[in-house]
Amino acid sequence: MTDSPAFEPSKGGVVGQPVNRVDGHAKVTGQAQYAAEYLLPNLTYAALKTSSIAKGRLKSIDTAAALREPGVLAVFTHENLPKMAQTPNTLAGKYAIYGMHMAFMPLTGNEIFYSAQPVAVVVADTFERATQAAALVQVTYEEARPVASYQSANAEVFDPNGQGYVFDLKKVVRGNPQASLAASAVQVKATYVHPINHHNPMEPGATIAHWEAPDRVTVYDSTQAVAMAQSSLATILGLPQEQVRVVTKFIGGGFGCKFNLWPHTVLATLAAKAVGRPVKLVLTRQQMFTSLGHREDQEQTITLGARQDGKLTTLIHEKTSTTSPWDIFAEPNGAILNWLYACPNYQSSHRVARANVMTSTYMRAPGESPGSVAMECGLDELAAKLGLDPLEIRLRNYANLDPGTGQPWSSKGLKECYARGAELFGWSKRSLEPGVTRDGRLLVGWGMATASYPVRPAQGRARVRLYADGHALVQTSATDLGTGTYTVITQVAADALGLPMANVRFELGDSNLPTAPASGSSVAAATVSSSVYLAIQDVWQRLTALAVRDSQSPLFKALPADVVREQDQLVLKKNPSKREKFSALLQRQGLADIEGVGNSKSGEGYEADQIAFDNKPGTKQTKRSMYSFGVHFCEVKVDPDLGTVHVTRWVSVMDGGRILNSKTARSQIIGGSIMGIGAALMEGTNRDEQYARYTNADLAGYHVPINADIPDMQVEFIDGHDPYVNAMGVKGIGEVAMVGTVAAVANAVYHATGKRVRSFPIVPSKVLGSDAV
Amino acid sequence: MNNFTYTPTNSAKEATRLRRETPAATYVAGATTLLDMMKVNLVEYPQLIDINALPLTGIEQTANGLRIGALERMSDVGEHRLVVAQYPAVSESLLLAASAQLRNMASIGGNLLQRTRCGYFRDAAFPCNKRVPGSGCPAQHGDNHGLAILGTSEACIAQTYPGDLSVALLAFDAVLTLENAKGKQRRVPITSFYVLPGQTPHQENILEPGELIVAVTIPAAEHARRSTYLKVRERTSYAYALASAAVGLDVQAGTIRSARVALGGVGTIPWRSPEAEKILTGAPATDETFRAAAAAALRGAQPREHNGYKVQLAQNTLVRALQNVATT
C-alpha cells in the first residue's frame, strides 16, 4: 500500500448513495439517548430562577421558603455558588477557557446585566419540586434603565475597530471604493433591517453532571462540540482535561447555539459537585431565548456601483448591530461580498452598540447568511434598475478567480448550478417586469439568489478497529446534530474497508474518543469522513506490512507499494491472482483485531501540506480559494389584499464537493432553505423597549415555519470531488444551505408585488399598503 | 408550577361541590391552555378538578338549534357532518385553529375560556392589568403589533379571547348553557358572555364562581348555512389571527336578506358588527356594499403605534370573506 491517496469511490460502493439513516430506528423507537435521558442512580434535578429586570442590582435574595420545600437539597445564588478555578468574567478569563463564548458567568455577583439572567439554581430530588422551589425564591431589585438595542435612544453606537471577538470587525478596503462609486454609471443604496432570530432547536439545552469521584466528572450535555466543552470545563473546574468527560450521543438540533459552552452547563456541574449527587438541568423553552445566544438584531446598508451593462465596480457594506455589555460580537456580514462576484472595489465596516442582552452567537452561516441578503437583494435591486434579468446580472459578474485574493478556486460549479437550477425552475419564462404575473387574485413572483460558504480549516482524528471476524468499530469524538453524521461516516468506512454497512459500527459523541472538531462551520462531514478514511488507510498499510512478512501469505515478500486493496482483500497489483482476505491474514497471525488511526486536515491546512509535499525545488504551486456554492430559486404567491406570502415552489442546486449521501444532503439543503423561509417571512424575537425583555419568547409567539408553509422542494447537487480541500473532497453543505435563501424569498416578493420590503420578516403588515418598508 | 391536588370527577354536581369547597380551585378539561400557564407560574391553583368524565358530550339537533356538549373536542366538532352542513363558519373556525394535536385535546367549553396571547400577560415579569389589577399596561406603548384596535381601553388592549371559535359562535347568535354550584342552569347569549376590559380587564366574562359551561347551542339560520370563516395570520397554521372574519349571508336574487358579521383578532373581545350587518341587509351583494360594510365595522378603531395596519387588513379580510360567501 502506498501513502494515503485521496478517496476514490469504489464500484458498487455506498458513498453518495441515498442510504437511510443508520440511527433512524433507534430514534423513532425512543432508544436514542439524548443528554437529558441518562437515568443515573440518585439523580437530582435543577431549576433556574431568572431575573425579571434587565439592568440593576439584586437588593435581596431570600431562599428560605425554597429551602423549606420538601426534597430541596440546595439553593445556589451568588452568595454560595462553589468557586471556579477560572471564570470567564474578564475577556482574558474567557479566552483562557477557550470554548466559552460569553465573558460573563451568572451567580458570580449581584449585578443584573440582562433580563432573565439566572440568579439562583435550585436542586431537588424531583423536577417538580425543583421548579416549584425556584418559583419560591424571593428576589428584590434595585432597577436601572436598560438599553434595549442599537436602535434605542440611549444606545451608544461605536466602531469596534478590530476589538471584535472571533470576527475582528475591522474595516476592510480593497481598491478605491469611494472613487469608483463616484465614477460608476449606476448606483444602488439600500438598507435591510433584521430582528433578533433564535435557533430554537427541538431539543433544549440540557446537561446531566455526574461526579464519579471528587476529582472526576462526566457531563452529558447537548453540545455540538464535545472536545471543546471538555477542555473548557476542565479549565473552569481546574481539572486535567482527562478527568472531565463529555458525552453527547444524540442532539436534537443546534444550528450554532450549542457550539460553545454556556453558563447552564457550568452551573449544573458546579451544583452537582456541591450536592454530591448527579444533577440534571434542562432549560425550558422560555429559557432557550436567554441561555444559548441568538442571531443579533442588525441593519446593513449596501451600496453598489455598476456600469451600464451591469458589471459591478463597487461594493460597500456597512453594518450596525447590538452586542452585550461584555463582548463585542457581530456576524461579519460584509465578508461574502469580497468573494461572491468579480468586483474590483470593495469595502466593509461594522458598528455596534452595547445593550442589556446576552452575547449573540453563531447561527447557521453567521455573516454569510444575513450578508447574502444585502448582496443578493442589492444585486436584485440593481438588476431591476438596469432592466436586467437577475440571473443574467450574476453571470455578467461571475468571478473566475477569487476577487478578494486573486487566487483560483479549488473548485467552482456555480455556473453549472445556475444552468441546472434555471432549467428545473423554468426561469427563462420569468417576466422582467414585477407585479404583472397573476394566478387569480394572487400575485406570482420569482426570485433567485446565489449561495456560498467557505471551506473552513479544521483538523480531527479517528480510530478504526478492524476485527478478524469481519466487523469494524470506528470512533471519533464528533457529534451528530441530527444531520446524518452517523450515517455518512458509516458509509465511508464501509466502502474503505470493503465491508457491508451492517458490519461497521460508528461511535461518536464522547470526549474519551479521538478528538474531532465540533459540528459547526460545515467542517464535520469533511473532516470526520477524511480522518476515518485515513485511519482505514492506516489499517490497510498495517495489514500490508503483516502480509509481506508472512511466509504463508500469497503476498510474502511483495513490495508494500505494489499491494492494493480490493474490497476486503489485499491484492498484488502486477499479479491479481495473488490476493488475501484480511480476516485470513489476521487469523493466521493470531490477531483478534488490528487498529489504525487517522489525522485529517481540511481546508487551508490540507492544501498547505499537499503543496509542501508536492513541491519540487524551484516550483511554486498556487494557493486556492475554497468555497461551496449554490443557487436557490423561489416562487411566491402574494395576496395583495391580505398581505400574506406563500412559497409555492423551490429549487436548490448546490456544489458542495463530494456528496456523501444524497438523501441526508438533500435534507440538509431543505432544512437550510426552510430556515431561510422562516427568517424571510415570519421569524423574529420582539423586545419591549422599556424593559429590554422579549415579548414573544416561546414557540407560540416566535413563529418557525410549519409544514403548510413549505412546498415540495427540489434539490440537486453538482456532484464533484474537490481534490484541494481534504482527502475526501468534501466541501460541506450545512451552512451554505441557508445562504441566499432569505434573499431568494425577498426577491420573489418584490417580483410579485413591485414593492421592496427591506425589513424582515416580511409579514402581512409590511406587504400591505404602498409605503416603503 | 406549584404543587396541586388533582381530583377527577364524574358529575357536574360533584364538580361544582368541590369547587365550592375550594374556591381557589379550577376546572380542567383538555388542559391545553391551563398547563401552559401553570408551567410559567402565570396562574396558581391549589386543586385541579378534572371534568373530562362529566356527561357533557354529544352533538344533537334540538328545537333551538344544534346543541354541542361543552366537553366535545374541537376536532370532533369541526369535522361533524351537521356542523359542516349547517354552520360552515363554525367548522372552519375550529379546523383553522391551533394544531391537530391541540384540537384533539381541547374542549369546546375550555376553548371559550382560553386566555389572551398578549406577550405582557404571558410573562409574569411584566406589569399587566389583566393579571395583576392596577399594575399597568406596557402594551399601550410597547410591542402592540398583534393587539386589538376595537374595544380597547387605557387599561388593556389585549384580545381577551384570541381564538377563532367564539368569533363564529358570536356571528350566529349561539347561546351558552351554564350550570352553577346548586345545579341550576341558565342560558346566556354569547353576545353578552365576554366583557369589555374597561378599567377592569381582569374581569373577562360573566361566569360566576364555580359556574360551568355545559353546552353551546347554535340556532339554525339560512345565513349560517351560507357562511365562512377567514383567518389571516403570519404563518399558514398554528398561529393566532391578525384579523379574521366570520360572515354569513342569506342572498336572494342578488339582494342580501340577512347578514351576520363578526371579527376576530381586532377586538379586545370577539367583535360583532351590527353596523356592517345593517349596511348589508337589504343591499345588493356587491363589492361596493361589502366595502361599505367593512368600513363601518372598523369605524371606531383606535390603533396604537404598531397595529395601525389592522384597520385596513380587517376591512380587506371582511370584504374577502363576504365575497367568498356571496359566490358560493
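**Exercise 1. Salt bridges over the whole structure**

How many salt bridges does a search of the whole structure find over all chains?

*Solution.* Let us begin with the ground rules. This is a predicted model, in which local features need pLDDT of at least 70 and side-chain atom pairs count only at pLDDT 80 or more, while totals for chains, interfaces and linings use all residues. Residues are numbered from 1 along each chain as its sequence is written, chains are lettered from A and ligands numbered from 1 in the order in which they are written, and side-chain values use heavy atoms, with hydrogens and water left out.

Step 1: apply the criterion, a side-chain nitrogen of Lys or Arg within 4 Å of a carboxyl oxygen of Asp or Glu. The idea behind it is that side chains of opposite charge can pair when their charged atoms come close.

Step 2: read off the total. The search gives 44 salt bridges over all chains.

**Exercise 2. Three pairs and a network**

Take the salt bridges of A:Asp439, B:Arg257 and B:Glu277, and find the partner of each.

*Solution.* Step 1: A:Asp439 pairs with A:Lys637, at 2.8 Å from N to O. This pair links distant parts of the chain, with A:Asp439 in strand β17 (residues 438–439) of chain A and A:Lys637 in strand β26 (residues 627–638) of chain A, 198 residues apart. Strands here are DSSP runs of E with at least two residues, helices are runs of H or I with at least four, and both are numbered from the N terminus.

Step 2: add exposure, with buried meaning under 20% relative accessible area, exposed over 50%, and partly exposed in between (1.4 Å probe, protein chains only). At 37%, A:Asp439 is partly exposed.

Step 3: B:Arg257 meets B:Asp250 at 3.6 Å, N to O. B:Arg257 is exposed, with 55% relative accessibility, whereas B:Asp250 is buried, with 8%.

Step 4: B:Glu277 meets B:Arg272 at 2.5 Å, N to O. Both B:Glu277 and B:Arg272 are buried.

Step 5: look for a network of salt bridges. One such network links A:Asp380, A:Glu381, A:Arg756 and A:Arg758.

**Exercise 3. The interface**

Describe the contact between chain A and chain B, and say which element of chain A gives the most to its side.

*Solution.* Step 1: count residues, where contact means heavy atoms within 4.5 Å. Chain A gives 32 residues and chain B gives 32 residues.

Step 2: get the area. The size of an interface is often given as the accessible area lost when the parts come together. Using a 1.4 Å probe and summing the loss over both parts, the two chains bury about 2700 Å² between them, 55% of it on carbon and sulfur atoms.

Step 3: list the pairings. The interface holds 3 salt bridges. One of them joins B:Arg320 to A:Asp641, whose closest N and O atoms are 2.8 Å apart.

Step 4: locate the chain A side. The elements giving two or more residues to it are α4 (127–136), β29 (693–694) and α17 (764–767) of chain A. Of these, α4(A) gives the most, with 3 residues.

**Exercise 4. Two chains, two folds**

Characterise chain A, then chain B, by secondary structure, extent and burial.

*Solution.* Step 1: chain A has 17 helices and 30 strands. Its radius of gyration, taken over C-alpha atoms, is 27 Å, close to the 28 Å of the globule rule for 773 residues, so chain A is as compact as a globular protein of that length. That rule is 2.2 Å times the number of residues to the power 0.38.

Step 2: the C-alpha atoms of chain A fill a box of roughly 85 × 75 × 55 Å along the principal axes. Of its 773 residues, 63% are buried.

Step 3: chain B has 12 helices and 12 strands. Its radius of gyration is 19 Å, which agrees with the value near 20 Å for a compact globule of 328 residues.

Step 4: along its principal axes, the C-alpha trace of chain B spans about 60 × 50 × 30 Å. Of the 328 residues, 60% are buried.

**Exercise 5. One residue in its surroundings**

Is A:Val352 buried or exposed, and where does it lie?

*Solution.* Step 1: A:Val352 lies in strand β16 (residues 345–354) of chain A.

Step 2: its relative accessible area is 0%, so A:Val352 is buried.

Step 3: leaving aside neighbours within four places in sequence, A:Val352 has contacts including A:Val157, A:Phe158 and A:Ile328.
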